[in-house]
Each structure stands twice: as structure tokens, then as C-alpha cells.
Amino acid sequence: MSTTHGAAPGEQLTAEEAAQLSPEEAMMAGAEADGVYIVHRRDRFPIAGTKAEKRAERTIAIIFLIGFLAAVAFIVVFCGAVPFEWRLPGTGNQNYRYFTPLIGGLLGLSLACIGIGVVLWAKWLLPEEEAVQDRHDGASDMTAQILGAGTLVSGFEDLGIARRSMLKSTLGLAGGALAAVPLVALIGAMIKKPNRGPRQSLFHTPFEAGVPLVYYDGRRVSPDDLLPGGLATVFPGVEGGTKDADSPTLLIRLRPGQAVKARKGQADFGWGDYVAFSKICTHAGCPASLYEQKTGRLLCPCHQSQFDVLQDAKPVFGPATRSLPKLPLNVEMVDGRQYFIARDDYPEAIGPSFWERP
Ligand code: FES
């Protein structure tokens, strides 16, 4: 039985002999030397340039092109062609609901097209091959390494990169555009001001002067509701107020004898023995609501930051570095009963400290 390189089965090639082989011969010789038996191998298109081959190539190129266009569309949308506040026509006030799915869908489409294109390339254009391999112990010698490299080069040649220029260009386009996506997201996030728009949404909540404080079910909040030491999560009583991520507010009734050492300019933010702080942790935005009424400590369960309510929600333990913003309170009379209203919006940005930077 002869082998592809003319040596008897099991006969070792020298490094010089191996270096003389073509990549495909080296691949076959390497396979034999490694105990790999190629039981079936045939080109899918033995005659190059047939209509069927060109059709397969065109189909894959179109898929790569779609991937390229989707990646470019992602970049264009991300860079501001579609405003962040974009709404589908006829969807009323449901702001911001479609921007993220739009860029996610485009990126997903781009990745899917490149993946599908590569799989089809392998299935439709690479040679069919079935091989069986025995495993061996230990490291390979120099001859085996040269033959292994030949195997890799032969596989690369099988891809037909050199002669399939249409696929090469379209895959390059799609891959290049996709590779630009993380850069655009990274650089864009640094140069694009996230608080654009008249309301500067990252710096304001739906609270403003006269907005009632309500529970999650919409009931208004009265100073009679809580016992001393009690706490409730309240929201602005406006449309969408309970769903706004910046809105959750902790209304705390101090125990007798407790007083808050207010920060500068906020001495009158409380009302009676009530104070209200943002519930959104200034470390990473988790809801901080584990309150120990005796000590006035508020714990964020995510990374154990503790805020001292009696020191105006100053962080006293854990990774948070900024006090919880305080909401200025007032009350109004409705049908002979007092109800809380906001005197204004929070004077500082809500949540992680990053957003407080100018
Ligand atoms: S989010 Fe609150 S401690 Fe990290």
C-alpha cells in the first residue's frame, strides 16, 4: 500500500522531505503520520467556476452584505441618526421603548449573517471529508509540527480565499463593520452626552413642586400613615411615575428623639419628623431599603453599603461614596386631611455617582 507522499505506511519523513510537499500533500502526510485516516474526501465543485458554484458563492456574499449593512446601520443609529427618545408612530408617550431593541436587533442581525455565511461557506464550498484519528501520547516532533502547519495551510487554501474574491470582500466588509461596533460603542459612550434633551432626563425625576407622593397603587401618602420609625416606598403621583426608574423614594418617619443633621442648604427639606431620600443606591443603583430604625442605618443589599439617615443618608460603610439625594417635602390639605407633596425635584442626580459629574 502506498501513501500520498510515496513512502511506505508508517515510514517517517525527514524535515527536508516534508518541507518539499505541497500544503495538501503535507496535510495528507501529516494526517497519516498522526494516525488520521481520511476515508472520504472530494471537492464539492470538482470543476471550478460552474454555475452552481457561482450561485452558492453569490448567496453567501449576499448574506455577508446584509451583515455589513446591519452593522453599518447599528453604527448610524447609535451615533444619533435615530433619537434616543424615538417612538414608534402611534405609540403615544411610550418613550425609549424601541431604541435599545433597534440597536440590539441590528447587531444581532449582523452577527447572525456572518455566522450563517461562514457555516454555509463550510457546508457548500469546502471539500467534503470524513476522517478517523487515533490518539497518541506526548509532544509531536519537528516533522510532525511541519506537517501540522501544512494541514492548517491546506485547510486555509480549501477555503478558496484567493480565488473567491467576492466572498473575501463581502466577509471583509461585514467583519470590518462589525469590528467597528465595539469601538463606536466605546468611543461614542465617551463623547456623546447622555443627558441631551430639554428635560436632561438623567438629572431630573418626575418630582416637581406640588407633585403628590403616592404609594405603588396610586393612593396618596399622608403623615398619619406611618408609625414612628416606619418607612414606606413612595413615588411621584404623575402618569408613569411608579414605573420611572429614578422615582422610588424612601419616606421615613423618625423615632422620637431622633433628628437628622442636614447637609448645607437642605435643613428645611424634611417635614415634621419625616424625611425622604432616593431609594436608588449611589454606588450601582440597587434599591437600598433595609432600614434599621433604632440606629437609623439604611443598608443596600447589593454590596452592603450603609447610609446613616441621621447624618442625612451619608454613606458610612461599603463602596458607596455619595449621600442619597434628599427630596424636599411639604403637605397640602385635601378634604380636611394632610397629604405629602414634593416641594421641588431632587437637587442632585439620582443613582450611581458617575452621573453627578458635569
Ligand atoms: S449598589 Fe448599593 S452597595 Fe452597590
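1. Contact of α2 with α5. In this predicted model, helix α2 meets helix α5 through Pro 23, Glu 24, Ala 26, Met 27, Ala 29, Gly 30, Ala 31 and Ala 33. The partners on the α5 side are Ala 144, Leu 147, Gly 148, Gly 150, Thr 151, Val 153, Ser 154 and Glu 157. By class, the residues of this contact comprise nine nonpolar, five polar and two charged.

2. Geometry of that pair. Helix α2 covers residues 23-33 and helix α5 covers residues 142-158. Their axes come within 7 Å and cross at roughly 130°. An angle over 145 degrees would be needed for roughly antiparallel, and 65 to 115 degrees for roughly perpendicular; α2 is therefore oblique to α5. The crossing of the two is left-handed.

3. Glu 24. This residue sits in helix α2 and belongs to the contact with α5. Is Glu 24 buried or exposed? Neither label applies in full: Glu 24 counts as partly exposed because 18 other C-beta atoms lie within 10 Å, where 20 or more would be required for buried. Glu 24 and Thr 151 are separated by 127 residues in sequence, yet their C-alpha atoms are 7.0 Å apart.

4. Contact of α3 with α4. Two packed helices are described by the angle between their axes and the distance between the axes. For helix α3 (residues 51-81) and helix α4 (residues 99-124), the angle is about 160° and the axes are 8 Å apart. With the cut-off at 145 degrees, α3 is therefore roughly antiparallel to α4. This crossing, too, is left-handed. The residues of the contact divide into 22 nonpolar, three polar and no charged.

5. Largest nonpolar core. The largest nonpolar core contains 34 residues. Leu 213, Leu 251, Val 275, Ala 276, Val 309 and Ala 342 have the most contacts inside this core. At least two core residues come from each of the strands β4 (231-236), β5 (249-253), β6 (274-278) and β12 (337-342). Which strand gives the largest share? That is β12, with four residues.

6. Leu 213 and the second core. Setting aside neighbours within four places in sequence, Leu 213 is in contact with Val 221, Val 234, Gly 237, Leu 251, Phe 340, Ile 341 and Ala 342. Apart from the core of Leu 213 there is another, of 22 residues, including Ala 73, Leu 107, Leu 167 and Val 181.

7. Positive phi at two residues. Most residues other than glycine have a negative phi, and most peptide bonds are trans. Gln 304 has a phi near 65°, and Ala 313 has one of about 60°; both values are positive, and neither residue is a glycine. Gln 304 is in the loop between β8 (297-299) and β9 (306-308), while Ala 313 is in the loop between β9 and β10 (314-317).

8. Surroundings of those two residues. Gln 304 is partly exposed, because 13 other C-beta atoms lie within 10 Å, and the exposed class ends at 12. Ala 313 counts as buried because the number of C-beta neighbours inside 10 Å is 26.

9. Chain as a whole. The chain has six helices and 12 strands. Of its 358 residues, 28% count as buried. Among contacts with a separation of 6 or more, 64% are between residues 24 or more positions apart.

Notes
Residues numbered from 1 in each chain as written. Predicted model: local features only at pLDDT ≥ 70, side-chain atom pairs only at ≥ 80, totals over all residues. Core = buried A, V, L, I, M, F, W, Y, C linked by C-beta atoms within 7 Å. Contact = placed C-beta atoms within 7 Å. Axes fitted to C-alpha atoms, helices over the stretch in contact; angles between N-to-C directions. Parallel < 35°, antiparallel > 145°, perpendicular 65-115°, else oblique. Left-handed = near helix turned anticlockwise from the far one by under 90°. Nonpolar A, V, L, I, M, F, W, Y, C, P; charged D, E, K, R; others polar.
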